[in-house]
Amino acid sequence: MFSKLQVPQISLAEGRYPCRPIEHALLPRQFSTSAQKPAAVVTANPKKDEEGNDMLIDITERAAKRLQEIMAKDSNPSLALRVTVESGGCHGFQYLMSLTNMSAVSPDDDTVFEASNGSGAKVVMDEPSLELLKGSKVDFTMELIGSQFKIVGNPAATSSCGCGASFDIKP
């Protein structure tokens, strides 16, 4: 394979610049083959879909950091972000997000995810919502219109509204 390229001499205002080797220009890139660490782990009531696959979501670093900040500001380490899906919105379903105490979480109906970065950030979902959101990510965005928690990368969504608060699913 190519190891070095020579840059031709360039004449600028009567000066000459010698050739310099470019060591990295056409060398193949090295990629890591290590597996990525999941961004969230199930800490309570894991669920499986109809095919027997684990129903999982991810929590981005930004979302985990923001939840950690909220827990610290409120001096309440048992706060969690509850994400639910209801029918409605301009595309059929809408995301609803609220803060809840872990004491209000149902051990039979709710699945709890915790960010794997050690922040203690938790996301809670009921089973019908998890069915519609499995494989997606909980993110925190800061935009001109405001900052908010947001669902991104929902594999079940075929379309969504401009603000991202509602979505349509595959039939």
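**Surface.** I looked up the exposed area first. The protein chain exposes about 11100 Å², and carbon and sulfur atoms supply 54% of that area. I note here that the model is a predicted one. Of the 171 residues in the chain, 30% count as buried.

**Elements and contacts.** I then went through the secondary structure and found two helices and 14 strands. For contacts with a separation of 6 or more, I noted that 50% join residues 24 or more positions apart.

**Core.** Next I looked up the largest nonpolar core, which has 26 residues. I57, I59 and V123 have the most contacts inside this core. The elements giving two or more residues to it include the helices α1 (61-73) and α2 (127-133), and among the strands I listed β7 (79-87), β9 (110-115) and β10 (122-126). Which element gives the most? I found α1, with five residues.

**T84.** I picked one residue of strand β7, T84. Is T84 buried or exposed? T84 has a relative accessible area of 16%, so I entered it as buried, the cut-off being under 20%. Leaving out residues up to four places away in sequence, I found that T84 touches Q94, Y95, L96, D126 and S129.

**Salt bridges.** I turned to charged pairs and found eight salt bridges in the structure. Side chains of opposite charge can pair when their charged atoms come close.

I looked at K47 and E127, whose side chains meet at 3.5 Å, N to O. K47 sits in the loop between β5 (40-44) and β6 (58-59), E127 sits in helix α2, and the two are 80 residues apart. K47 is buried, at 14% relative accessible area, whereas E127 is partly exposed, at 30%.

I also checked D139 and R62, where the N to O distance is 2.4 Å. D139 belongs to strand β11 and R62 to helix α1, so this salt bridge ties together parts 77 residues apart in sequence. I recorded D139 as buried, with 6% relative accessibility.

For D110 and R82, I noted 2.9 Å between the closest N and O atoms of the salt bridge. Which strands does this pair tie together? D110 is in strand β9 and R82 in strand β7, so the parts tied together are 28 residues apart in sequence. Both ends came out as buried: D110 has a relative accessible area of 6%, and R82 has one of 16%.

My last entry is a network of salt bridges, which links D49, E131 and K134.

How values were computed. Residues numbered from 1 in each chain as written. Predicted model: local features only at pLDDT ≥ 70, side-chain atom pairs only at ≥ 80, totals over all residues. Heavy atoms only, no water. Helix = DSSP H or I, 4+ residues; strand = E, 2+ residues; numbered from the N terminus. Buried < 20%, exposed > 50% of the residue type's maximum accessible area, 1.4 Å probe, protein only. Contact = heavy atoms within 4.5 Å. Areas by Shrake-Rupley, 256 points an atom, 1.4 Å probe, with all protein chains shown as cover. Core = buried A, V, L, I, M, F, W, Y, C linked by side-chain atoms within 4.5 Å. Salt bridge = Lys/Arg side-chain N within 4 Å of Asp/Glu carboxyl O.
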